Amino acid sequence: MNDKRAHTEPAVPAHGDPVVLSTTVRRLCAPYGPGRLGCSMRYTSRDPYAVTLDFLVDPRTGLCVTWVVARDLLDDGTRGPSGEGDFRVWPLPARDGTAGRLRFGLNRPDGRVVLEAEAAAVRRWLDATYALVPLGAEHRFLDWDALGAALLGRD
């Protein structure tokens with residue numbers, strides 16, 4: 001299998017859970033300038049409304065920054081600007097024969113970073129998450145009894 005293609009295809013285990021995309025994102029602007037980061041996007045039916053984005057900041061130390069965002073926010077961002085506050089996502093259409101890109105803006109009080117990923121890879125990954133848990137069916141995957149017990153301190 002072609003190595004470049006292998007790391008941009010969603011990995012769906014035989015049982016379908018979790019759905020993971022391991023890819024590389026470009027850091028466009030940040031306090032330390034441009035560069036490339038490893039990125040893992042994860043989705044599981046145990047948390048059906050959320051996706052987890054792990055950005056490998058320093059491969060030598062394993063330092064990883066994790067953001068958890070709503071799946072629908074990320075999905076909406078593949079079609080137009082989406083998000084408010086500390087996480088925003090928006091598409092950049094293909095130009096001059098180049099592939100479309102997806103940009104992520106991560107904002108914190110101590111700084112801001114803009115990252116860019118291949119839009120088609122993220123779209124394929126999102127489609128795989130919807131194959132696992134269809135849009136509108138997320139509530140059926142929640143363990144309401146366990147959530148209630150945890151909220152009431154009975155877990």
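In this predicted model, the side chains of Arg103 and Glu116 form a salt bridge, with 2.7 Å from N to O. Arg103 belongs to strand S6 (residues 101–108) and Glu116 to strand S7, so the bridge ties together parts that lie 13 residues apart in sequence. Arg103 is partly exposed because its relative accessible area, 24%, is not under the 20% that counts as buried. Glu116, at 4% relative accessibility, counts as buried.

Glu116 has another partner. Its side chain also meets that of Arg26 in a salt bridge, again given as 2.7 Å from N to O. Here Glu116 in strand S7 (residues 111–118) is paired with Arg26 in strand S1, so the contact ties together parts 90 residues apart in sequence. Arg26 is partly exposed, with a relative accessible area of 30%. The buried carboxylate residue Glu116 is thus bridged to Arg103 and to Arg26.

A further salt bridge is found between helices. The side chains of Arg123 and Asp75 meet at 2.6 Å, N to O. Arg123 sits in helix H3 and Asp75 in helix H2, and the pair links parts of the chain 48 residues apart. Arg123 counts as partly exposed at 23% relative accessibility, whereas Asp75 counts as buried at 9%. The structure holds eleven salt bridges. Through shared partners, salt bridges join Asp75, Asp76, Arg79, Arg123 and Asp127 into one network.

The elements named so far have their place in a longer order. The chain contains four helices and seven strands. Read from the N terminus, the elements run α-β-β-β-β-α-β-β-β-α-α. Of the contacts in the chain with a separation of 6 or more, 35% are between residues 24 or more positions apart.

Next comes the interior. Of the 155 residues in the chain, 39% count as buried. The largest nonpolar core has 30 residues, and those with the most contacts inside it are Phe55, Phe87, Phe104 and Trp125. Helix H3 (residues 119–132) gives the most to this core, with seven residues. Helix H3 is also where Arg123 of the bridge to Asp75 is found.

What does Phe104 touch, leaving aside residues up to four places away in sequence? Its contacts are Met41, Leu74, Phe87, Arg88, Val89, Trp90, Val113, Val114, Leu115 and Ala117. Among them, Phe87 is itself one of the residues with the most contacts inside the core.

Asp17 offers another view of how distant parts of the chain meet. Asp17 lies in the loop between H1 and strand S1 (19–29). Is this loop residue buried or exposed? Asp17 is buried, because its relative accessible area of 9% falls under the 20% cut-off. Not counting residues up to four places away in sequence, Asp17 touches Tyr43, Thr44, Ser45, Arg46 and Leu132. The C-alpha atoms of Asp17 and Thr129 are separated by 9.0 Å, although these residues are 112 residues apart along the chain.

On the outside, the accessible surface of the chain comes to about 9,300 Å², and 55% of it belongs to carbon and sulfur atoms. Val57, Leu63 and Val65 form a nonpolar patch on the surface, together having about 220 Å² of accessible area. Leu63 is placed in strand S4 (residues 63–70). With a relative accessible area of 46%, Leu63 is partly exposed.

Finally, the confidence of the prediction varies along the chain. The average pLDDT is 82, and 85% of the residues score at least 70. Among the elements of the chain, helix H2 (residues 71–77) has the highest mean pLDDT, 95, and helix H1 (residues 3–6) the lowest, 36. Over residues 1–9 the pLDDT is below 50, and beyond near neighbours in sequence this stretch has 14 contacts in the model. Where pLDDT is low, predicted coordinates should not be read in detail.

Conventions. Residues numbered from 1 in each chain as written. Predicted model: local features only at pLDDT ≥ 70, side-chain atom pairs only at ≥ 80, totals over all residues. Heavy atoms only, no water. Core = buried A, V, L, I, M, F, W, Y, C linked by side-chain atoms within 4.5 Å. Buried < 20%, exposed > 50% of the residue type's maximum accessible area, 1.4 Å probe, protein only. Helix = DSSP H or I, 4+ residues; strand = E, 2+ residues; numbered from the N terminus. Contact = heavy atoms within 4.5 Å. pLDDT = per-residue confidence, 0-100. Patch = residues over 30% accessible without salt bridge, like charges linked within 9 Å, V, L, I, M, F, W, Y side chains within 5 Å. Areas by Shrake-Rupley, 256 points an atom, 1.4 Å probe, with all protein chains shown as cover. Salt bridge = Lys/Arg side-chain N within 4 Å of Asp/Glu carboxyl O.
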